[in-house]
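Work through the exercises below with the sequence and the model side by side. Each task is followed by a solution that goes step by step.

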Amino acid sequence: LAPCEKPFDKLEKLLSEFGIKIKGVNFEKNSNNECKIECVVKMPAKLSHIELSDKLCENDFILGVEF
């Protein structure tokens, strides 16, 4: 899973900028050599899912977000 470590580091930094704490994480690599990173997080009450997904998808290394 080493190829997933660099995107996870970027994701972790990005989430921390929003005050989001990662409680758990799971990595999966697909046949296209893309990393799927599932995170269980604790979000600040003031942050909406819509606002977060909009901000996350502004980053080239994020292909999609699911809640």
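The exercises that follow treat confidence, strand pairing, ring contacts, the nonpolar core and one pair of residues.

This is a predicted model, in which local features need pLDDT of at least 70 and side-chain atom pairs count only at pLDDT 80 or more, whereas totals for chains, interfaces and linings use all residues. Residues are numbered from 1 along each chain as its sequence is written, and side-chain values use heavy atoms, with hydrogens and water left out.

**Exercise 1. Establish which element has the lowest mean pLDDT and which the highest.**

Begin with the chain, whose average pLDDT (the predictor's confidence in each residue, from 0 to 100) is 86, with 96% of the residues scoring at least 70. Then turn to the elements, which are DSSP runs numbered from the N terminus, helices being H or I of at least four residues and strands E of at least two. Among them, α1 has the lowest mean, 84, and β1 the highest, 90.

**Exercise 2. Describe how β1 and β2 are joined.**

First, note that two strands pair if DSSP finds at least two bridges between them. Strand β1 (residues 21-29) and strand β2 (residues 35-42) run antiparallel and are joined by 8 bridges. Next, locate individual partners: Glu 28 is bridged to Lys 36 in β2, and Val 25 stands opposite Cys 39. Finally, inspect the hairpin, where 5 residues lie between the strands and Asn 33 takes a positive phi near 65 degrees.

**Exercise 3. Find the aromatic pair and classify its geometry.**

A search of the whole structure gives 1 aromatic pair. Phe 8 and Phe 27 form this pair, with 5.3 Å centre to centre and 80 degrees between the planes, which is edge-to-face (ring centres of Phe, Tyr or the six-membered ring of Trp within 6.5 Å; planes under 30 degrees apart are stacked, over 60 edge-to-face, the rest tilted). The pair links distant parts of the chain, since Phe 8 lies in helix α1 (residues 2-17) and Phe 27 in strand β1, 19 residues apart. For accessibility (buried is under 20% relative accessible area, exposed over 50%, partly exposed in between, with a 1.4 Å probe and protein chains only), Phe 8 counts as buried because its value is 12%, whereas Phe 27, at 24%, is partly exposed.

**Exercise 4. Identify the residues of the largest nonpolar core.**

The core (buried Ala, Val, Leu, Ile, Met, Phe, Trp, Tyr and Cys joined through side-chain atoms within 4.5 Å) has 8 residues: Leu 11, Leu 14, Leu 15, Ile 20, Leu 47, Leu 52, Leu 56 and Ile 62. Helices α1 and α2 (49-56) each supply at least two of them, and α1 gives the most, with 3 residues.

**Exercise 5. Is Ser 53 buried or exposed, and what does Ser 53 contact?**

Ser 53, which lies in helix α2, is buried because its relative accessibility is 18%. Leaving aside neighbours within four places in sequence, Ser 53 is in contact (heavy atoms within 4.5 Å) with Val 65 and Phe 67. For contrast, Gly 64, in the segment after α2, counts as exposed because its relative accessibility is 51%. Gly 64 and Ser 53 are 11 residues apart in sequence and 8.4 Å apart in space, C-alpha to C-alpha.
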